[in-house]
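Biologist: I'm new to this one. Can you walk me through it?
Modeller: Sure, let's bring it up.

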Amino acid sequence: MPAAPDAPALARLHPHGVPVLGDPSLGVTLRPLVAADLPRVVEQCRDPESIRWTTVPTPEGGYGLADARAFLDHVVVEGWRSGQNLCWAVEGADRPGVFCGSIDLRLHGDGLAEVGFGLHPDARGRHLMSGALRLVRDFAFDVARLRAVRWRAVVGNWGSRRVAAAAGWPCEGVVRASLVHRGELLDGWVGTLGVTDPRTPRPWSEPPLLAGPRLRLRPFTDDDADRVVEACRDPRTQHWLVSLSRTYTREHALDYVEGARESAATGAGLVWCVADAGDDRCLGAISLEGFGGYAKRAEIGYWAHPEARGRGVLTEATQRVTAWAEESGLVDSVLIRAAEGNTASRRVAVGAGYREVGVMPRCEPLGDGTTVDLVLYARP
Ligand SMILES: CC(C)(COP(=O)(O)OP(=O)(O)OC[C@H]1O[C@@H](n2cnc3c(N)ncnc32)[C@H](O)[C@@H]1OP(=O)(O)O)[C@@H](O)C(=O)NCCC(=O)NCCS
């Protein structure tokens with residue numbers, strides 16, 4: 001492996017200025033940031049998402065042109081001069097000359113750097129940043145000869161994590177209080193891509209939309225939290241699902257939604273919100289978990305909002321998820337477990353085409369402190 005250059009050596013790699021990076025198949029160009037970009041830099045730095053997730057300055061009166069000018073002169077130009085902070089403007093192929101955001105590589109020495117990025121709000125959702133990150137990744141390893149590039153983001157910044165995963169970065173965990181954010185210490189996700197690591201996208205198994213005339217199975221969002229609270233505080237849910245907190249709050253519901261996103265990101269499982277096809281309100285939840293291991297086995301779990309019970313909603317959802325799982329080839333067998341006295345849950349399994357295949361004696365604790373048999377259902 002070639003030796004990693006120190007910062008001045010890296011600066012010498014580009015004696016004629018900032019290298020322009022591009023790949024027509026990605027539709028993205030990285031070029032020097034120039035004075036004409038500053039009005040759009042201001043717009044980006046005033047955008048609430050940029051303020052929420054990045055450390056853009058928030059001076060009294062709001063970020064202005066003078067702040068953008070100082071950024072260009074003291075951070076961007078100076079960064080390239082010293083070779084310690086390499087910042088590019090991001091441009092999309094469909095809008096030549098228009099500043100769409102920035103991406104930078106901060107060199108820490110010894111072949112290690114950290115990447116940072118942000119887009120103008122009107123440029124989001126078009127795969128610009130995942131393309132830009134691929135270009136910077138290849139520059140870092142193939143041109144700058146770096147050995148490792150670190151990505152960090154405030155926990156909960158799913159857009160950043162998704163972009164990083166699309167360019168090959170793993171999310172290796174949470175480091176508590178690792179990010180300084182306007183005086184606060186926030187928990188950060190961190191992942192490192194090494195020069196010899198594969199540069200392929202990380203799998204991300206977002207639950208697919210399964211839509212029918214009555215129900216729409218879709219990913220959960222934070223907007224579902226109140227309905228999740230109503231369902232999980234309900235006495236029947238509390239009786240059968242002893243793992244739920246006995247004092248279930250909105251915080252628990254938001255954690256549940258966040259857990260569903262984490263399952264998708266790690267491939268541990270898929271969780272759908274069973275929503276009304278008309279007004280999209282949450283009627284229940286259904287999960288398919290446990291696949292991705294050495295065997296193609298999975299388990300379905302579900303709950304229904306009290307208002308949705310007795311109308312075949314979860315039976316229909318279970319049929320849909322089972323059919324999708326079998327057609328996708330992801331699983332060879334699906335299991336459902338239901339507590340012995342939970343007639344409604346057992347009816348859902350049978351109604352969705354499962355048959356009883358066994359009983360695990362006295363292994364399911366209930367809300368009233370008793371322990372009952374678990375009945376196992378599988379597809380014939
Ligand atoms: C994060 C950010 C850079 C994403 O840029 P982008 O160009 O919109 O992202 P892409 O279009 O390349 O998206 C890549 C994938 O991530 C997904 N994605 C993008 N933003 C997302 C979000 N907020 N939540 C969930 N997924 C998201 C896209 O759907 C896409 O998925 P796909 O490949 O399955 O289609 C942009 O939203 C942004 O500037 N946010 C504010 C600043 C910021 O957070 N910077 C990062 C600090 S660490």
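Biologist: How do the residues of the shell around the ligand divide into nonpolar, polar and charged?
Modeller: This is a predicted model, to start with. The shell holds seven nonpolar, eight polar and four charged residues.

Biologist: And how many residues surround the ligand, and which are the closest?
Modeller: There are 19 around the ligand. Leu119, Gly125, His127, Ser130 and Arg162 are the closest.

Biologist: What lies 2.6 Å from an oxygen atom of the ligand?
Modeller: A polar backbone atom of Gly125. For Arg126, a polar backbone atom is 3.3 Å from a ligand oxygen. Arg124 uses its side chain: a polar atom there sits 3.3 Å from an oxygen of the ligand.

Biologist: How much of the ligand's accessible area does the protein cover?
Modeller: On its own, the ligand has 910 Å² of accessible area, and the protein covers 74% of that.

Biologist: Which elements give two or more residues to the shell?
Modeller: Two strands and two helices do: β5 (112-119), β6 (148-154), α5 (128-143) and α6 (158-166).

Biologist: Which one gives the largest share?
Modeller: That's α6, with four residues.

Biologist: New topic, helix packing. At what angle do α7 and α9 cross?
Modeller: Roughly 110°. Helix α7 covers residues 225-233, helix α9 covers 250-266, and their axes come within 8 Å. So α7 is roughly perpendicular to α9.

Biologist: Is that crossing left-handed or right-handed?
Modeller: The α7 and α9 crossing is right-handed.

How values were computed: Residues are numbered from 1 along each chain as its sequence is written. This is a predicted model: local features need pLDDT of at least 70, side-chain atom pairs count only at pLDDT 80 or more; totals for chains, interfaces and linings use all residues. Side-chain values use heavy atoms; hydrogens and water are left out. A residue is near a molecule or strand if one of its heavy atoms lies within 4 Å of it. A polar contact is a pair of N or O atoms within 3.5 Å; within protein, one must be able to donate a hydrogen and the other to accept it, and residues adjacent in sequence count only if both atoms are side-chain atoms. Accessible areas come from the Shrake-Rupley method with a 1.4 Å probe; for residues, only the protein chains shown count as cover. Ala, Val, Leu, Ile, Met, Phe, Trp, Tyr, Cys and Pro count as nonpolar, Asp, Glu, Lys and Arg as charged, and the others, Gly among them, as polar. Axes are lines fitted to C-alpha atoms, for helices over the stretch in contact, and angles run from 0 to 180 degrees between N-to-C directions. Angles under 35 degrees count as roughly parallel, over 145 as roughly antiparallel, 65 to 115 as roughly perpendicular and the rest as oblique. A crossing is left-handed if the near helix is turned anticlockwise from the far one by less than a right angle, and right-handed if clockwise.
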